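Student: I would like to go through the helix packing and the ligand site of this model. Where should we begin?

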Amino acid sequence: MSTDQQPCFSTEQSTVMLPRAQLLVENLQAVLQHISSVAHFPNSVRLVAVSKLNPATDVLAIHERTGHTHFGENYSQELLEKAASLPTSINWHFIGALQTNKCKHLAEKIPNLWAVESVDTIKKANALEKGRAALLSTSPSTPKLRVYVQVNTSGEESKSGCQPTTTPALAKHILEECEHLTLQGLMTIGAIARSHESDIPNEDFLMLKRVRDEVAQEVGMRPEELELSMGMSEDFEQAVSLGASNVRVGTTIFGQRPLKKYAAI
Ligand SMILES: *Cc1c(COP(=O)(O)O)cnc(C)c1O
């Protein structure tokens, strides 16, 4: 090698050259560290690593090297494929726009579907209930399916989610009529624009807490018994400091996502 040859990469670029598995592990650990630096209690916040549109090999690399188990997916077909090919020790979260006609299949065919976070109608809850009941009838040791009611806290018409005013009724329906589901808590996506105003407390997070308190009162639970799923790459630290129990982080761990290859069905 001649002495005038430039090194191939600057120090900054060489980070990019880390084997992908190592990079993913480091990113996950950095997010966990940030969470614990703002959490009110140690280990009180669950990190869902959002692996949508990233390959199953990424999920496996993290799971095998760190033992991390909670991963989130948005598209039913992609989740079905990944769940079929990856270890059953993974706890899957379905966090995407939920279609009623996919609910029964998801709840029935994926025993290690840990939670569906995007339930926003009674119909969807009933379809999930039907699927999990069918699974439990043939496989009684399967846990009940945890669900979160997704709340439209930003009032934007384009956002899915249950209206804050109708959330208590949906929560009550799940508790009283869906014996194979467990009401785990409430979830919000929120308005992306608010995530950037980091010195103002995020209105969506405050709203989700208020709705949670109302639901708890309505159904006779303590507020702490209902989780708050809020916070993504842009705003998970603020969400944790405002009391999130579950954060859903994708880009910060996996990098920019590849283009969507699954239709949102
Ligand atoms: C994609 C997605 C996330 C993760 O978003 P990032 O900004 O990549 O962290 C979290 N929650 C939901 C509902 C999502 O669709």
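Tutor: Contact here means heavy atoms within 4.5 Å. The model is a predicted one.

Student: Which residues of α6 does α5 meet?
Tutor: The α5 side of this contact consists of Thr100, Cys103, Lys104, Ala107 and Glu108. By class, the residues of the contact of α5 with α6 divide into six nonpolar, two polar and six charged. On the α6 side they are Lys123, Lys124, Ala127, Leu128, Lys130, Gly131, Arg132, Ala134 and Leu135.

Student: Are α5 and α6 roughly parallel or roughly antiparallel to each other?
Tutor: Helix α5 covers residues 100–109 and helix α6 covers residues 122–138. Their axes come within 7 Å and cross at roughly 25°. Angles under 35 degrees count as roughly parallel. The two helices, α5 and α6, are therefore roughly parallel to each other.

Student: Is the crossing of α5 with α6 left-handed or right-handed?
Tutor: The axes of this pair, α5 and α6, cross at roughly 25°. The way α5 passes α6 is right-handed.

Student: At what angle do α6 and α7 pack?
Tutor: The axes of α6 and α7 are 10 Å apart. The packing makes α6 roughly parallel to α7, because angles under 35 degrees count as such. The angle between α6 and α7 is about 20°.

Student: How many charged residues are in the contact of α6 with α7?
Tutor: In a right-handed crossing, α6 passes α7. Ile122, Ala125 and Asn126 of α6 and Leu170, His173 and Ile174 of α7 make the contact. Four of the residues in the contact of α6 with α7 are nonpolar and two are polar, and the number of charged ones is zero.

Student: Which term describes α7 relative to α9?
Tutor: Helix α7 spans residues 167–177 and helix α9 spans residues 203–219. Their axes come within 9 Å and cross at roughly 50°. That crossing makes the orientation of α7 to α9 oblique.

Student: Which residues of α9 are met by α7?
Tutor: From α7, the residues involved are Thr167, Pro168, Ala171, Lys172 and Leu175. The contact of α7 with α9 has six nonpolar, one polar and three charged residues. The residues met in α9 are Val211, Glu214, Val215, Glu218 and Val219.

Student: With which side chain does the side chain of histidine 180 make a polar contact?
Tutor: Histidine 180 sits in the loop between α7 and β6 (181–187). Neighbours within four places in sequence aside, histidine 180 is in contact with Glu129, Arg132, Ala133, Leu136, Lys144 and Leu145. The polar contact, at 2.6 Å, is with the side chain of glutamate 129.

Student: How far is a nitrogen atom of the ligand from an N or O atom in the side chain of arginine 248?
Tutor: Residues around the ligand include Lys52, Asn74 and Arg248. An oxygen atom of the ligand lies 2.8 Å from a polar side-chain atom of lysine 52. For asparagine 74, an N or O atom of the side chain is 2.8 Å from an oxygen atom of the ligand. For arginine 248, the distance from a side-chain N or O atom to a nitrogen atom of the ligand is 2.9 Å.

Methods: Residues numbered from 1 in each chain as written. Predicted model: local features only at pLDDT ≥ 70, side-chain atom pairs only at ≥ 80, totals over all residues. Heavy atoms only, no water. Axes fitted to C-alpha atoms, helices over the stretch in contact; angles between N-to-C directions. Helix = DSSP H or I, 4+ residues; strand = E, 2+ residues; numbered from the N terminus. Parallel < 35°, antiparallel > 145°, perpendicular 65-115°, else oblique. Nonpolar A, V, L, I, M, F, W, Y, C, P; charged D, E, K, R; others polar. Near = heavy atom within 4 Å. Polar contact = N/O pair within 3.5 Å; in protein donor to acceptor, adjacent residues only side chain to side chain. Left-handed = near helix turned anticlockwise from the far one by under 90°.
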